[in-house]
Amino acid sequence: MRTPTTTHPTELLRRATDALWTDGDLTTSRIHFDAAYRAAEAADDHHTRTLAVTGMGGLWVHEHRTTSDATLLLHRLHHAIATTDPHTPLGIRLRARLAAEHDYRTATHTDTLTLATQARTTGDPVTITETASLAHHCLLGPDHTRLRHELSQHALTAALATGRRSDLLVALLWRTVDQFLDTHPQAERSLTELHTHLTHRDHLAVSYVAHAIDVMLTIRAGKLTEAHARAATCAQRGITAGDADTTGWHGAHLTTIAWYQGHLADHLPTLRELAVSPTLSAVDHSYQAALAVASALAGHRREATAALARLRQPDLTTLPRSSSWLVTLHGIVEAAHLLDDGHLATEAYNLLTPYADRPMLASLAITCFGSTQHALGTAALTAGETDRAITHLHAAVHDNLRLGHLPAATLSRARLAQALDQRPGQHDRREAERQRHLAHTDATELGMTLPTPPPRPRTPHRPHIRCHRHGRHWQLSLGHRTATIDDCVGARYLATLIANPGHDIPAIQLAGGTAPTTDHQPVLDDTAKRAYQRRLRDLTAAIDEADDAHDPRRAEQARTERQWLIDELAAHTGLHGRDRTFTDNTERARIAVGKAIRRALDRITISDPVLGDHLRTTISTGTRCSYRPS
């Protein structure tokens, strides 16, 4: 860092410009831009003061993290904008910086993107590359892939004409980051090209980011001890460059390494400090999620639950889709798994589903927790959807190997074995043992300690569905999922089967209403029929009273309920009130019961596909019918 030795505004501005656009020295450039602004203000040099404001924000967005520094920058920007023609290249640069600072903090991008589009109409390469870079920084969440690539290309094309070394390096960096975020096969080649440019002459700010990505790749390669040493060297580069993200990124590297080495709980004191650090980005909530995981691993359930509660205000949809969003959701899913919180896991699953093919990278690709398929599989497993979890975790192993993320692939294998253990079967047991063996072998070679699966209640391996009747409707529930369908014959058959898990019941008994039950399900036995008949008498009296009182609405309601009761009795009784049976026609009973159950399953699937899938794989129909949840 070089302290200003002159008070001349233009000389201070030149030094600031060289520090930022040639050396990438963010600390020195901030000092000189501030000095240039103050000197120009004292000399009433409006032009130099305005130029100083354009550089005060730095290369990136949100470099000023403290409230006082951020407020000072915004105040100066507003003052400069008020005295500058908004349609000139300089006016657009000022407005783009102000818009980017606002958009970044609110996880939006509309205003900055509009100004980047407007900048291209000026034909000024400096304005184009600066506004494109600012807009790109506001689009680092899991969406907007196409927009990011377009901005990178605009910045790269314009950078070739600006004559400023930083413009080309920043444009090459954005292209590299985009390729890592999108799992482009040329991503590492782009990083190598960037390093080649930096070899000729270092650029502190860009070099710091490039080395942070190197740490991420070292973790992916499973060289965790080497990654730890590289992370320390990288952090020193960040301090030298004056990058505001140094503390957060170093913490992210160490947290990722500790997660894969299996001792994240040991980092709990550090994570408590980082979660409330003012050096973090305004839209970075990943450390709250990491704190929840570490607390749960350490057995501090209340602390973990409190950390998760801070992230759900009032639910996960309020979390900004920032560059750390996927990593934050990864931590939430892992914490939910440790706490056995199926509701939270399902909420996260629904949010993550559109990004199944994406890696869970943070910020400018500086750390990675593997494929989003792993988080989806873990969330499904926590929610009791074992089949779905196994599908996702198989994909996670494949995707993590494709990423070259060996520690993540190892954890996905271990989690896959855990899921297979919950779906017993000879093939599943063999596959679980195979995946577990591979995971332990790889973990030993990589210096990892695999997590111990959280204890689970002693329940059937496949969750047991519940079925209850509420008037004219049936409600089926599986864990936290529910489906409600109108009463029908098939629903009554299902209720009987579900009340007798593991038992074969002849279709002819189901059709005749004589199947044994081990639950208090209202399958219209003699007691239920007597209650229906009493209710019919009451309704007939109610209809007469309503007619006498000239109350057509109440009369119609009573008539509707009476007709439903008559239909209900008719469904189970024949002539003279005898139970309806297929005594001498077993085949007829098999066909009728099967059709009725399938119709009911169709209705359930429409209401909730997961419950429908569960029942289709656990209900057997034929001459004998059964519900076998395990």
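## A helix pair and two small sheets

In this predicted model, helices α9 and α10 are roughly antiparallel to each other. That label follows from the angle, because anything over 145 degrees counts as roughly antiparallel, and α9 (residues 165-181) packs against α10 (residues 187-200) at about 160°. Their axes lie 8 Å apart, and the way α9 passes α10 is a left-handed crossing.

Who does the touching? On the α9 side, the contact uses R165, L168, L169, L172, L173, R175, T176, Q179 and F180. On the α10 side, A187, E188, S190, L191, E193, L194, H197 and L198 take part. Sorted by character, the residues of this contact come out as nine nonpolar, four polar and four charged.

Zooming out for a moment, the protein has 630 residues, and 54% of them are buried. It contains 28 helices and eight strands. Looking at contacts with a separation of 6 or more, 64% are between residues 24 or more positions apart.

Now for the strands. One open sheet has three strands in the order β3-β4-β5, with antiparallel pairing. Its edge strands are β3 (466-470) and β5 (481-486), each of which pairs on one side only. From one strand to the next, the twist averages 20°. Five bridges link β3 with β4 (residues 473-478), again in the antiparallel sense, and H470 sits opposite H473 of β4. This sheet also has a helix on it: α28 (residues 609-618) lies across β4 and β5 and runs at about 85° to β4.

Another open sheet of three strands goes β6-β8-β7, also with antiparallel pairing. Here β6 (505-506) and β7 (619-620) stand at the edges with a single partner strand each, so one side of each has no neighbour in the sheet. Strand β8 (residues 624-627) is joined to β7 by two bridges, and two bridges also join β8 to β6. Both of these pairings run antiparallel.

If you want to check the register in your viewer, here are the residues that face each other across the strands of this sheet:

| Edge-strand residue | Residue in β8 |
|---|---|
| P506 | R624 |
| S620 | S626 |
| I619 | Y627 |

The β7 and β8 strands form a hairpin with three residues between them. One residue to look at in that turn is G622, whose phi is positive, at about 150°.

One last spot is a glutamate in a helix. E347 belongs to helix α18 (residues 342-352). Is E347 buried or exposed? With a relative accessible area of 18%, E347 is buried, because the cut-off for that label is under 20%. So what does E347 touch, once its neighbours within four places in sequence are left aside? The contacts of E347 are then R312, D315, L316 and T317.

To recap, the α9 and α10 pair crosses in a left-handed way, with nine nonpolar residues among those in the contact. The β3-β4-β5 sheet is open and has α28 lying across two of its strands, β4 and β5. In the β6-β8-β7 sheet, β7 and β8 make up the hairpin that has G622 in its turn.

Key. Residues numbered from 1 in each chain as written. Predicted model: local features only at pLDDT ≥ 70, side-chain atom pairs only at ≥ 80, totals over all residues. Heavy atoms only, no water. Axes fitted to C-alpha atoms, helices over the stretch in contact; angles between N-to-C directions. Helix = DSSP H or I, 4+ residues; strand = E, 2+ residues; numbered from the N terminus. Parallel < 35°, antiparallel > 145°, perpendicular 65-115°, else oblique. Left-handed = near helix turned anticlockwise from the far one by under 90°. Contact = heavy atoms within 4.5 Å. Nonpolar A, V, L, I, M, F, W, Y, C, P; charged D, E, K, R; others polar. Pairing = 2+ DSSP bridges. Buried < 20%, exposed > 50% of the residue type's maximum accessible area, 1.4 Å probe, protein only.
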